[in-house]
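Q: I would like a close look at a single part of this model. Please take me through it step by step, and then show how the rest is arranged around it.

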Protein chains: 2
Amino acid sequence: MNDSETKTRLIQAAIRLFAVHGYEGTSIRAITREANANLGAVTYHFGSKAALFEAALAEVVGPFRERIAAEANQAGPPLDRVAGIVRTFFEHFAEHPVIPQLILHVLASPQHMPEPVRSGLAANHAALARVIAEGQQGGTIRPGDARLMALSIAAQPVMLALMRHVLSQAIGLDQDDRATRTALTESVAAFARAGLAATGDPS
Amino acid sequence: MNDSETKTRLIQAAIRLFAVHGYEGTSIRAITREANANLGAVTYHFGSKAALFEAALAEVVGPFRERIAAEANQAGPPLDRVAGIVRTFFEHFAEHPVIPQLILHVLASPQHMPEPVRSGLAANHAALARVIAEGQQGGTIRPGDARLMALSIAAQPVMLALMRHVLSQAIGLDQDDRATRTALTESVAAFARAGLAATGDPS
DNA sequence: GCCGTTTTCATACGATCGTATTACATACAA
DNA sequence: TTGTATGTAATACGATCGTATGAAAACGGC
């Protein structure tokens with residue numbers, strides 16, 4: 001069963017091309033060319049272009065989801081774990097720049113959201129909200145809706161990764177530069193800490 | 001000079017359709033049909049589909065940019081003005097839901113960013129950073145890179161607006177509901193305040 | 001070695017795309 | 001009233017799209 005060889009190359013090529021050109025902007029012909037496969041290979045292995053898109057999404061979302069979950073489940077003070085999750089977001093996006101772009105294209109689509117993306121986002125958000133709620137119970141994080149606070153935290157690394165090129169062109173912030181990326185990461189981590197921390201008086 | 005009639009309808013139709021279906025997903029035929037114009041109207045009035053896209057972007061970005069600038073230039077404590085800017089982001093996006101979608105499609109494009117979007121984003125970011133820097137000089141906002149802090153602030157309303165549908169499907173947060181939207185707005189405003197505020201001791 | 005299954009390949013089809021071309025209608029200046 | 005912009009309309013062109021079809025090739029169990 002040579003199920004893997006061509007099928008794998010198709011998914012890898014699809015991840016690259018969908019990320020750069022979007023769903024509409026990527027043709028099956030371009031994908032099969034990039035994967036050194038025949039034009040009919042996508043139809044044969046996945047049935048349709050849409051099915052290949054979903055498969056590509058599942059491929060990239062899974063590991064990301066697992067990594068965030070692992071970070072959330074670590075030991076230590078909740079505020080530290082939140083900062084750790086923030087850094088993990090930045091790191092994972094830096095290592096896999098294709099993810100923000102794919103997420104972006106999914107967000108841009110008005111259609112029903114592909115399942116792997118939906119469940120992945122839900123899982124990451126839930127993990128972060130859980131850590132925040134834990135900190136609230138322990139008194140180290142200020143009161144408030146933990147789910148909404150989790151959105152405020154997660155929105156930052158995601159948005160800044162999504163706007164990578166935009167920020168470079170519009171305000172001259174180059175995330176390809178290592179020092180810049182570190183400064184940005186630590187600024188967001190510090191902001192998250194300050195935004196969550198309980199006020200000094202433990203009344 | 002009947003320059004306006006058809007041309008205006010084309011821009012309005014383009015704004016609607018580009019926002020829903022993206023650049024690639026919107027055909028000149030769909031736009032002209034929606035605008036009750038002839039197929040050749042886009043080529044005649046704008047020269048190309050890309051030029052129409054830029055014109056549509058300029059149409060929606062301009063007023064948004066002016067509104068944020070007005071909010072930033074108000075009198076009052078910087079922390080209050082930052083919160084005001086946050087609320088303005090949410091309000092404007094709620095009133096013009098087409099803006100986040102159009103921005104999204106621009107972000108998703110790997111190509112050179114259209115000028116109206118670039119300058120609009122730069123202006124909004126600069127306005128926010130200026131207010132933050134002012135608060136730092138006055139001692140009400142904690143030290144840090146004002147430009148990066150401005151990114152942390154702006155990322156939240158933008159991202160949450162962009163993810164409108166996603167948040168609804170993935171974590172059941174319905175921004176069409178007025179109470180939910182208010183809670184979200186105030187949560188983000190409070191988060192921004194807490195994240196920026198100087199620590200109690202004015203050493 | 002043979003046969004049924006799986007995978008690859010070349011090609012064709014109908015649809016839709018952006019744009020160019022050409023003709024027609026309307027307005028205003030001379 | 002005639003000439004000239006200016007806008008609208010109908011249609012055609014070449015390109016590309018996603019998918020279907022059927023033959024060729026490779027593979028695995030016997």
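Which residues have the most contacts inside the largest nonpolar core, and how many residues does that core have?

A: A word on the source first: this is a predicted model. The largest nonpolar core has 138 residues. Ala14(A) and Ala14(B) are the residues with the most contacts inside that core. In general, nonpolar side chains tend to be buried together in soluble globular proteins.

Take Ala14(A) in detail. Leaving aside residues up to four places away in sequence, Ala14(A) touches Ile31(A), Leu52(A), Phe53(A) and Ala56(A).

Now the chain around it. Chain A has 10 helices and zero strands. Its pattern along the sequence is α-α-α-α-α-α-α-α-α-α. The C-alpha atoms of chain A fill a box of roughly 70 × 40 × 30 Å along the principal axes. Of its 203 residues, 44% count as buried. Take the contacts in chain A between residues at least 6 apart in sequence: 69% of them join residues at least 24 apart.

Next, the contact between the chains. Chain A supplies 42 residues and chain B supplies 42 residues. On the side of chain A that touches chain B, the elements giving two or more residues are H1, helix H6 (98–108), helix H7 (115–138), helix H8 (146–162), helix H9 (164–171) and helix H10 (178–196) of chain A. H8(A) gives the largest share of that side, 10 residues. By class, the side of chain A that touches chain B has 26 nonpolar, 12 polar and four charged residues.

How do the two copies relate? A turn of 180° with a shift of 0.0 Å along the axis lays chain A on chain B, with an RMSD of 0.1 Å. The copies are therefore related as by a two-fold rotation axis. Gly195(A) is the residue of chain A that comes closest to the rotation axis, with its C-alpha at 1.9 Å. The same surface serves both copies, as 100% of the contact residues of chain A recur in chain B.

Then the DNA. There are 20 residues around DNA strand C, and those that come nearest are Thr6(A), Gly40(A), Ser27(B), Ser48(B) and Lys49(B). Three helices each supply at least two residues of the surface near this strand: helix H1 (5–25) and helix H3 (41–46) of chain A, and helix H2 (28–34) of chain B. H2(B) gives the most, with three residues. By class, the surface near DNA strand C has eight nonpolar, eight polar and four charged residues.

One backbone detail deserves a look. Most residues other than glycine have a negative phi. Asn36(A) is not a glycine, yet has a positive phi of about 55°. Asn36(A) is found in the loop between helix H2 (28–34) and H3 of chain A. With 11 other C-beta atoms within 10 Å, Asn36(A) is exposed, because 12 or fewer is the cut-off for that class. Chain B has its own case. Asn36(B) also has a positive phi of about 55° and is not a glycine. Its place is in the loop between H2 and helix H3 (41–46) of chain B. Asn36(B) counts as exposed too, with 11 C-beta neighbours inside 10 Å.

To return to the starting point: Ala14(A) and Ala14(B) have the most contacts inside the 138-residue core. For Ala14(A), the residues touched include Leu52(A) and Phe53(A).

Notes
Residues are numbered from 1 along each chain as its sequence is written. Chains are lettered from A and ligands numbered from 1 in the order in which they are written. This is a predicted model: local features need pLDDT of at least 70, side-chain atom pairs count only at pLDDT 80 or more; totals for chains, interfaces and linings use all residues. A nonpolar core is a set of buried Ala, Val, Leu, Ile, Met, Phe, Trp, Tyr and Cys residues joined through C-beta atoms within 7 Å. A residue is buried if 20 or more other C-beta atoms lie within 10 Å of its own, exposed if 12 or fewer, and partly exposed in between; C-beta atoms are placed from the backbone. Two residues are in contact if their C-beta atoms, placed from the backbone, lie within 7 Å. A residue is near a molecule or strand if its C-beta atom, placed from the backbone, lies within 6 Å of it. Helices (H or I, at least four residues) and strands (E, at least two) are DSSP runs, numbered from the N terminus. Ala, Val, Leu, Ile, Met, Phe, Trp, Tyr, Cys and Pro count as nonpolar, Asp, Glu, Lys and Arg as charged, and the others, Gly among them, as polar. Copies are superposed by least squares on the C-alpha atoms of residues with pLDDT of at least 70 in both.
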